[in-house]
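Q: Please take a close look at one part of this protein for me: the aromatic side chains and what lies around them. I work at the bench, so a connected walk through it would suit me best.

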Amino acid sequence: MQVLARLLIIGCCLFAVMSSPVVGQAQTQQQMDIQPAYAWLELIDRGRYFQSWQYASKQFKQNIEASQWNDVLVGAKESLGSLVSRELSGYGERDTVAGLPKGKYMVFKFKSTFENKTLY
């Protein structure tokens with residue numbers, strides 16, 4: 001489970017999903033920053049594991065092959081069950097993230113409740 005959590009953190013920090021705001025709707029910077037993270041997690045929630053790997057950063061993909069990513073997520077889904085709810089529990093910029101080179105990272109922390117377990 002720690003491997004999954006670490007990969008999801010790294011993935012959320014590094015993925016390259018682009019999203020555009022809804023026209024005519026004012027959004028805060030936090031809302032604009034978090035939209036791609038939710039979009040990427042939604043791919044995983046819907047079982048679109050390969051697509052989530054495709055949208056991940058180059059560095060993420062260098063650390064795990066698509067088939068390994070699929071296996072990790074299939075195993076996690078089997079033990080956790082389906083997603084019940086997810087809420088943002090932390091958000092901020094960091095210059096360092098464990099296991100990654102120094103840089104500018106947006107880090108999001110979620111409380112995710114699944115059928116069989118809640119992850120913080």
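A: Here is a walk through the aromatic side chains, starting with the background needed to read them.

This is a predicted model, in which local features need a pLDDT of at least 70 and side-chain atom pairs count only at pLDDT 80 or more, while totals for chains, interfaces and linings use all residues. Residues are numbered from 1 along each chain as its sequence is written, and side-chain values use heavy atoms, with hydrogens and water left out.

The protein chain has an average pLDDT (the predictor's confidence in each residue, from 0 to 100) of 81, and 76% of the residues reach at least 70. Please read residues 12–24 with care: pLDDT stays under 50 there, and the model has 32 contacts beyond four places in sequence for them. A contact here means heavy atoms within 4.5 Å.

For orientation, the protein chain has 5 helices and 3 strands, in the order α-α-α-α-α-β-β-β from the N terminus. These elements are DSSP runs numbered from the N terminus: helices are H or I with at least four residues, strands are E with at least two. Of the contacts with a separation of 6 or more, 58% join residues 24 or more positions apart.

Now to the rings. Searching the whole structure gives 6 aromatic pairs. Rings of Phe, Tyr and Trp (its six-membered ring) pair if their centres lie within 6.5 Å; planes under 30 degrees apart are stacked, those over 60 are edge-to-face, and the rest are tilted. Tyr 38 and Phe 110 are edge-to-face because their planes meet at 70 degrees, with the ring centres 5.2 Å apart. This pair ties together distant parts of the chain, since Tyr 38 belongs to helix H2 (residues 29–45) and Phe 110 to strand S2 (residues 105–114), 72 residues apart. Tyr 38 has a relative accessible area of 31% and is partly exposed, whereas Phe 110, at 11%, is buried. The cut-offs are under 20% relative accessible area for buried, over 50% for exposed and partly exposed in between, with a 1.4 Å probe and protein chains only.

How are the planes of Phe 50 and Trp 53 arranged? They are stacked, with 25 degrees between the planes and 6.0 Å from centre to centre. Both sit in helix H3 (residues 49–54), and because they are 3 residues apart, about one helical turn separates them. Phe 50 is partly exposed at 47%, while Trp 53 is buried at 17%. Away from its ring partner, Phe 50 has its C-alpha atom 9.8 Å from that of Glu 65, which is 15 residues away along the chain.

Trp 53 has another companion: the charged end of Lys 61 sits over its ring, 5.4 Å from the centre. That description applies if NZ of Lys or CZ of Arg is within 6 Å of the ring centre and within 35 degrees of the ring normal. Elsewhere, Trp 40, Phe 60 and Trp 69 form one aromatic cluster.

Several of these rings come together again in the largest nonpolar core. A core of this kind is a set of buried Ala, Val, Leu, Ile, Met, Phe, Trp, Tyr and Cys residues joined through side-chain atoms within 4.5 Å. Of its 15 residues, those touching the most other members are Ile 44, Trp 53, Phe 60, Trp 69 and Phe 110. At least two core residues come from each of H2, H3, helix H5 (66–80) and S2, and H2 gives the most, with 5. In soluble globular proteins, nonpolar side chains tend to be buried together. Across the protein chain, buried residues make up 33% of the 120 residues.

Strand S2, home of Phe 110, also holds Lys 111. Lys 111 is partly exposed, with a relative accessible area of 28%. Its C-alpha lies 5.4 Å from that of Glu 87, 24 residues away in sequence. Not counting residues up to four places away, Lys 111 touches Ser 85, Arg 86, Glu 87, Ser 89, Thr 118, Leu 119 and Tyr 120.
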